[in-house]
Amino acid sequence: MLKTCFDELPVVAILRGVQPDEAIAIGEAVRAAGIRIIEVPLNSPDPFTSIRCMVDSLGDDCVIGAGTVLTVDDVRRVADAGGSIVVSPNTDADVITTSLDCGMTPMPGWASPTEAFTAIAAGARYLKLFPAGSYGVGHFVNVRAVLPADCKVIAVGGVGADDIADWRTQGIHGFGIGSDIYKAGRRASDVGDRAVKIVKALRATQQ
């Protein structure tokens with residue numbers, strides 16, 4: 001289902017700080033806006049419970065998983081919670097291979113070509129340029145030239161609605177959006193409005 005969701009709208013909504021008792025409402029607001037890939041970073045309160053809540057409620061229509069996944073043990077806990085994507089800020093071959101062994105899709109973070117190709121060698125095909133805002137579009141363009149054609153690069157970190165057009169013009173495949181959609185304590189209605197803004201900005205580049 002990830003490929004379908006990504007092809008339809010290549011945005012991962014990053015819900016850092018979401019609480020289990022609001023996870024379903026926030027997830028539904030994101031889904032209603034058109035975003036069907038959702039990440040709960042593991043430095044959120046009780047993240048595995050939030051993941052399970054959203055999987056049970058939205059899992060038939062959305063791809064739910066975890067972010068800030070740093071260890072093999074955490075990978076297995078994400079799998080136990082029903083997650084399907086494993087997003088990391090770094091490249092760790094063990095995290096990548098364990099994710100694949102558990103039937104999940106890894107999205108490792110990278111900055112240098114060495115990290116990107118380490119991730120690819122371990123089996124990753126969704127590569128998270130992080131922090132994208134620090135490295136910039138030019139960095140992506142220069143590295144993209146040597147990456148395999150079947151790899152999808154996602155810009156994450158310091159990228160929002162106002163930046164989407166520039167990145168898309170240069171060929172970025174997708175985005176991970178955090179604070180432009182959700183911050184801890186933000187109400188579902190506000191989250192939904194912000195998600196709609198992201199979706200409109202991306203749709204404008206698809207026309």
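**Figure 1. Cysteine C53 in the predicted model.** C53 is partly exposed, because its relative accessible area is 22%, and the cut-off for a buried residue is under 20%. The structure shown is a predicted model. A search of the whole structure finds 0 disulfides. C53 accordingly belongs to no disulfide, and the nearest cysteine sulfur, that of C62, lies 14 Å away. A disulfide would require two cysteine sulfur atoms within 2.5 Å. Another cysteine, C102, is also partly exposed, with a relative accessible area of 34%.

**Figure 2. The open sheet and its edges.** The sheet is open and is formed by 9 strands, which pair in the parallel sense. Their order across the sheet is β5-β4-β3-β2-β1-β9-β8-β7-β6. Which strands stand at the edges? They are β5 (105-107) and β6 (109-110); each has a single partner strand, so one side of each is left without a neighbour in the sheet. In general, the strands of a sheet are paired through backbone hydrogen bonds.

**Figure 3. The pairing of β4 with the edge strand β5.** Strand β4 comprises residues 85-87 and pairs with β5 in the parallel sense. The two strands are joined over 3 bridges. Within this pair, V87 stands opposite M107 of β5.

**Figure 4. Strand β8 and its two partners.** Strand β8 covers residues 152-156, and 4 of its 5 residues are buried, leaving the strand mostly covered. Towards strand β7 (residues 126-129), β8 forms 4 bridges, and the two strands run parallel. Here L129 stands opposite A155 in β8. From β7 the chain passes through helix α7 (residues 132-144) to reach β8, in a β-α-β crossover that is right-handed. Strand β9 (residues 174-177) also runs parallel to β8, to which it is joined by 3 bridges. A155 stands opposite F175 in β9. A right-handed β-α-β unit is made by β8, helix α8 (residues 164-169) and β9.

**Figure 5. The buried glutamate E22 in helix α2.** Helix α2 spans residues 20-33 and contains E22. How far away is the nearest side chain of opposite charge? That side chain belongs to R187 and is 9.7 Å from E22, which is buried yet has no salt bridge. A salt bridge would require a side-chain nitrogen of Lys or Arg within 4 Å of a carboxyl oxygen. Leaving aside residues up to four places away in sequence, E22 touches G17, Y182 and R186.

Notes
Residues are numbered from 1 along each chain as its sequence is written. This is a predicted model: local features need pLDDT of at least 70, side-chain atom pairs count only at pLDDT 80 or more; totals for chains, interfaces and linings use all residues. Side-chain values use heavy atoms; hydrogens and water are left out. Two strands pair if DSSP finds at least two bridges between them. Buried means under 20% relative accessible area, exposed over 50%, partly exposed in between (1.4 Å probe, protein chains only). Lys and Arg count as positive and Asp and Glu as negative; His and the chain ends are not counted. Contact means heavy atoms within 4.5 Å. A crossover is right-handed if, with the strands pointing away from the viewer, the path from the first strand over the helix to the second runs clockwise.
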